[in-house]
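Subject: The structure we talked about, with notes

Dear colleague,

I am passing on the structure for you to look at, and I have added some notes to read beside it. Please keep the model open while you go through them.

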Amino acid sequence: MQAKWWHGKVAYQIYPKSFCDSNGDGVGDIRGIISKLDYLQDLGIEIVWLSPCFKSPFVDQGYDIADYQDIDPIFGTMEDFDELLAEAKKRGISILLDLVINHCSSEHEWFKKACADLNSEEAKYFYFRKGKDDGTPPDNLRSYFGGSVWEKIPGHEDENIYYLHYFAKAQPDLNWYYEPLREKLFNMVNFWLDKGVAGFRIDAIMNIAKDLSFPGLPADAADGMCSANQMTAKLSDQAAAFLYEMNDKTFKPHDALSVAEAFGVNQESLKNYIGDDGFFSTIFDFSARELNEKYPAYYRYRPVDIAKWRDTIFASQERVNDIGFMCPIIENHDEPRGVSYYLPRHAQNPDGAKAFAAVNILLRGMPFIYQGQEIGMTNTKFNSIYEFDDLNAKDNYKAALKAGFTPSQALDILNIESRDNARTPMLWSAGKNAGFSDAAITWLKVHQDYKTLNVAAQKDDPNSVLSFYKKLIALRKDPKYHELLTYGKFKPLEAVADYVVPFARELDGKMIYVIANFEDTAVSYGVNADSKIILSSKEVDLKDGVLTIPAVACAVVEL
Ligand code: GLC
């Protein structure tokens with residue numbers, strides 16, 4: 001495996017609207033992020049991914065981009081962004097932007113010009129198609145946010161012409177089959193790379209391939225529709241051709257880091273994605289999340305316990321051992337908090353968060369920490385549908401009511417599954433709005449536990465979740481373990497109980513065990529007589545080659 005500049009680093013995701021508000025408008029911004037760079041450096045972070053901060057009407061929270069080369073005023077200016085880059089660099093932190101190029105916003109001037117004149121150059125950037133003779137949409141694909149992927153052009157509703165949107169109506173899909181558009185997108189990518197960003201997290205990218213005859217697919221539900229992701233899965237080879245081209249023209253010449261959101265990559269193709277000559281540097285490991293992707297509506301979710309999580313994640317670790325790296329995550333801005341979602345009730349607390357942290361940080365691959373995870377944030381409690389912001393939450397609420405759930409049941413489902421669970425403001429202190437903002441009211445509610453669950457309360461406590469994350473990241477950087485924890489192979493250990501996540505990392509005959517115990521009783525593992533405990537979240541016992549880890553705790557042992 002060729003060594004790369006980003007290997008061995010720990011990354012952190014910032015959701016800009018909710019990180020830190022410097023100007024008191026209730027929304028996070030770039031100057032707020034700059035003010036927290038010391039915090040990130042102190043934590044040991046070397047790569048930061050910013051969710052979109054470009055000009056946007058925020059229908060899908062910035063994943064609907066109206067201008068790819070400008071910063072939205074709600075976040076600040078291009079000068080602020082340049083300062084962020086420079087200040088981050090001073091602290092050894094590289095910045096990744098979010099590349100949302102399967103679609104743009106319906107407010108993008110391309111789409112406005114296209115709708116105004118279907119014979120224009122810009123009209124070629126999108127997919128406009130005639131509806132069927134009976135006036136129904138060209139095919140039966142279902143959008144990721146519910147309803148048809150086709151929508152009539154605003155202002156021309158009486159005509160039988162539709163545009164394609166795999167996500168919200170306000171997110172028209174871009175036509176990657178039109179070469180001049182690809183060139184425009186690649187130039188935009190190079191604009192940011194030339195400015196000094198280190199790379200990108202790449203959004204929803206496998207959706208760029210389309211069957212241009214728009215044949216639709218057999219229905220997968222009673223609505224007669226079929227999820228767009230099934231079409232995407234069929235066309236991954238076509239997407240790959242575009243992605244090789246993008247890599248050659250943008251990332252590769254800049255030695256940039258590209259981290260893709262790519263669901264459902266099969267074993268045969270993995271090498272093309274993340275191998276030495278792959279078109280991405282790495283991809284997120286979404287395998288645990290995918291367990292529920294088969295049941296797209298929230299109300300059809302199946303609880304995923306930590307045993308299932310372990311089996312799934314271990315399988316993907318083994319899939320990539322000899323190929324490349326995937327990025328381990330516990331949660332991101334599209335998921336509920338992992339501590340609430342995957343851990344048993346008795347472990348949904350700081351002890352559980354620490355043990356989960358050990359797994360996240362020490363698995364093979366580049367771990368991403370999502371803001372607030374490092375202090376053990378759990379799901380936010382929403383008391384009414386009006387407290388949610390996310391369009392997907394609102395769609396799912398309606399879908400649950402339609403399926404026969406009561407309003408209170410529908411609300412319970414959102415409290416488990418909604419993306420807003422993890423999008424609420426970062427908890428900095430016990431002060432007003434958790435120290436996130438001076439505003440009278442913040443754009444999304446503040447987590448119920450902020451008085452006790454916050455950075456200030458944890459920063460000087462050696463036993464806090466935050467301090468434990470710091471120790472784990474420091475361990476990865478420790479020259480004694482750095483190579484092993486970066487390149488060492490992953491090996492599963494025997495799961496002696498349901499809620500135990502035990503694995504080894506091994507390189508050149510050197511081996512460490514990482515054992516996270518989420519059971520409510522102690523578990524024991526055989527190690528060597530002279531094994532050494534490197535780190536643990538509670539007092540553990542190591543006698544005569546037997547390691548005993550108490551309930552809801554973890555240990556890292558050198559053999
Ligand atoms: C990705 C983003 C998500 C967004 C969607 C459409 O999945 O992570 O937040 O809604 O793409 O851009």
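The notes below go from the domains to the ligand, and then to single residues.

Please bear in mind from the start that this is a predicted model. The protein is divided into three parts, namely domain 1 (11–101 + 179–458), domain 2 (109–164) and domain 3 (487–558). Between the centres of domain 2 and domain 3, taken over C-alpha atoms, there are 56 Å.

The ligand is a good place to continue. Which residues come nearest to the ligand? Of the 14 residues around the ligand, these are Asp60, Asp203, Glu261, His333 and Asp334. Sorted by class, the shell holds seven charged residues, together with four nonpolar and three polar ones. Three side chains can be followed to oxygen atoms of the ligand: a polar side-chain atom of Asp334 lies 2.4 Å from one, an N or O atom in the side chain of Asp203 is 2.8 Å from one, and for the side chain of Arg201 the distance is 2.9 Å. Taken alone, the ligand would expose 310 Å², and the protein buries 95% of that.

From His333 you can move on to Arg423, which is found in the loop between helix H14 (407–417) and helix H15 (455–459). Is Arg423 buried or exposed? With a relative accessibility of 1%, Arg423 counts as buried, because the limit for that word is under 20%. A polar atom of the Arg423 side chain lies 2.7 Å from the backbone oxygen of His333. If neighbours within four places in sequence are left aside, the residues in contact with Arg423 include His333, Asp334, Tyr15, Tyr370 and Trp443.

Helix H14, which comes before that loop, has the buried residues Ala410, Leu411, Ile413, Leu414, Asn415 and Glu417. Among the elements that cover these buried residues are helix H9 (287–293), helix H11 (338–342) and helix H13 (391–402).

Ser51 also touches His333, and this serine sits in the loop between strand E2 (47–50) and strand E3 (54–55). Its relative accessible area is 1%, so Ser51 is buried. The side chain of Ser51 makes a polar contact of 3.1 Å with the side chain of Gln13, and a polar contact of 3.1 Å also joins the side chains of Ser51 and Tyr63. Other residues that Ser51 touches, not counting those up to four places away in sequence, include Ile14, Pro16 and Asp98.

A second serine, Ser143, has its place in the loop between strand E7 (141–142) and strand E8 (150–152). Ser143 counts as buried because its relative accessibility is 4%. Its side chain reaches the backbone nitrogen of Phe145 at 2.9 Å, and, leaving aside neighbours within four places in sequence, Ser143 is in contact with Ser148, Val149, His165, Tyr166 and Phe167.

For exposed residues, please look at Lys271 and Pro73. Lys271 lies in helix H8 (residues 267–274), and its relative accessible area is 58%, which means that Lys271 is exposed. Beyond its neighbours within four places in sequence, Lys271 is in contact with Gly278 and Ile323. Pro73, in the loop between strand E4 (67–71) and helix H3 (78–90), is exposed with a relative accessible area of 57%. Although Pro73 and Asp29 are 44 residues apart along the chain, their C-alpha atoms are separated by 9.1 Å.

Finally, two residues are worth a look for their backbone angles. Most residues other than glycine have a negative phi. Asp255, however, has a positive phi near 50°, and this residue is in the loop between helix H7 (236–254) and strand E12 (257–260). Val552, which is not a glycine either, has a positive phi of about 45°, and lies in the loop between strand E22 (546–549) and strand E23 (553–558). As for accessibility, Asp255 is partly exposed at 41%, whereas Val552 counts as buried at 6%.

With best wishes

Conventions: Residues numbered from 1 in each chain as written. Predicted model: local features only at pLDDT ≥ 70, side-chain atom pairs only at ≥ 80, totals over all residues. Heavy atoms only, no water. Near = heavy atom within 4 Å. Polar contact = N/O pair within 3.5 Å; in protein donor to acceptor, adjacent residues only side chain to side chain. Areas by Shrake-Rupley, 256 points an atom, 1.4 Å probe, with all protein chains shown as cover. Nonpolar A, V, L, I, M, F, W, Y, C, P; charged D, E, K, R; others polar. Helix = DSSP H or I, 4+ residues; strand = E, 2+ residues; numbered from the N terminus. Buried < 20%, exposed > 50% of the residue type's maximum accessible area, 1.4 Å probe, protein only. Contact = heavy atoms within 4.5 Å. Domains from an automatic or database assignment.
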